[in-house]
Amino acid sequence: MDAAVRAWLVSQLGTSTDPVDLEQRYARLGNARRTALEVLYERKAALVYDQPASVNVSSVVSVAYAENIKAIERQITLLESGDPSAPDDPDPGGDGGQAPVGFIQLIERRRR
């Protein structure tokens with residue numbers, strides 16, 4: 001993993017993410033986008049399954065995680081759609097971002 005990929009992963013996952021864990025996941029998955037998605041799916045599962053969605057102690061404290069879950073789901077949706085682009089994403093079409101050139105053949109038809 002090079003410095004650009006590492007910086008992109010930290011920008012997507014936060015500075016508290018373990019760099020050694022990111023290195024291992026990246027080596028196994030081979031792609032920054034898949035690495036980020038795996039970490040986000042793991043975080044979402046931890047929020048959904050490992051702890052209650054909200055905790056309320058009357059007149060003392062109230063904590064809700066529903067918005068955190070929604071934020072992670074939005075980030076997952078963006079990453080799955082390809083936004084923002086990762087440094088190691090393959091070039092779409094391999095043509096340097098230029099539109100492909102095509103030709104249309106016009107055939108003359110007989111007129112009445």
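This is a short tour of a predicted model, to be followed with the structure open in your viewer.

**Stop 1: α3 and α4**

Start by selecting residues 32-49, which form helix α3, and residues 66-81, which form helix α4. Their axes lie 10 Å apart, and the helices pack at an angle of about 160°. Angles over 145 degrees count as roughly antiparallel, so that is the label for α3 and α4. As you rotate the view, look for the left-handed crossing where α3 passes α4.

Now show the side chains between them. On the α3 side, pick R33, A36, L37, L40, Y41, R43, K44, L47 and V48. On the α4 side, the contact is made by N68, I69, I72, E73, Q75, I76, L79 and E80. Try colouring this contact by residue class: you should get 10 nonpolar, two polar and five charged residues.

**Stop 2: L40 and the core**

Keep α3 on screen and click on L40. Which residues does L40 touch, leaving out those up to four places away in sequence? They are L13, I72, Q75, I76 and L79.

L40 is also one of the residues with the most contacts inside the largest nonpolar core. To see the others in that group, add W8, L9, L13, A32, A36 and L79. The core has 17 residues in total. Helices α1, α2, α3 and α4 each give two or more residues to this core. Which element gives the most? That is α3, with six residues.

**Stop 3: α2 against α3**

Next, bring in α2, residues 19-29. The axes of α2 and α3 come within 9 Å and cross at roughly 120°. At that angle the two helices count as oblique to each other, and their crossing is right-handed.

For the contact itself, select L22, R25, Y26, R28 and L29 of α2, then A32, R34, T35, E38, V39 and E42 of α3. Coloured by class, these residues divide into five nonpolar, one polar and five charged. You have met A32 already, among the residues with the most contacts inside the core.

**Stop 4: Q12 and a cis bond**

Move to helix α1, residues 3-13, and find Q12 there. Is Q12 buried or exposed? Buried means under 20% relative accessible area, and Q12 has 15%, so it counts as buried. Not counting residues up to four places away in sequence, Q12 touches Q75, L79 and P84.

Follow that last contact to P84, which sits in the segment after α4. Zoom in on the bond between D83 and P84: it is a cis peptide bond, with omega about -5°. Most peptide bonds are trans.

**Stop 5: two loop serines**

Select S59, in the loop between β1 (54-57) and β2 (61-64). S59 is not a glycine, yet its phi is positive, at about 60°. Most residues other than glycine have a negative phi. S59 counts as exposed because its relative accessibility is 84%, and the cut-off for exposed is over 50%.

For the other serine, go to S16, in the loop between α1 and α2. S16 counts as exposed too, at 71% relative accessibility. To finish, draw a distance from the C-alpha of S16 to the C-alpha of R74: the two are 20 Å apart in space and 58 residues apart in sequence.

Note on methods
Residues are numbered from 1 along each chain as its sequence is written. This is a predicted model: local features need pLDDT of at least 70, side-chain atom pairs count only at pLDDT 80 or more; totals for chains, interfaces and linings use all residues. Side-chain values use heavy atoms; hydrogens and water are left out. Axes are lines fitted to C-alpha atoms, for helices over the stretch in contact, and angles run from 0 to 180 degrees between N-to-C directions. Helices (H or I, at least four residues) and strands (E, at least two) are DSSP runs, numbered from the N terminus. Angles under 35 degrees count as roughly parallel, over 145 as roughly antiparallel, 65 to 115 as roughly perpendicular and the rest as oblique. A crossing is left-handed if the near helix is turned anticlockwise from the far one by less than a right angle, and right-handed if clockwise. Contact means heavy atoms within 4.5 Å. Ala, Val, Leu, Ile, Met, Phe, Trp, Tyr, Cys and Pro count as nonpolar, Asp, Glu, Lys and Arg as charged, and the others, Gly among them, as polar. Buried means under 20% relative accessible area, exposed over 50%, partly exposed in between (1.4 Å probe, protein chains only). A nonpolar core is a set of buried Ala, Val, Leu, Ile, Met, Phe, Trp, Tyr and Cys residues joined through side-chain atoms within 4.5 Å.
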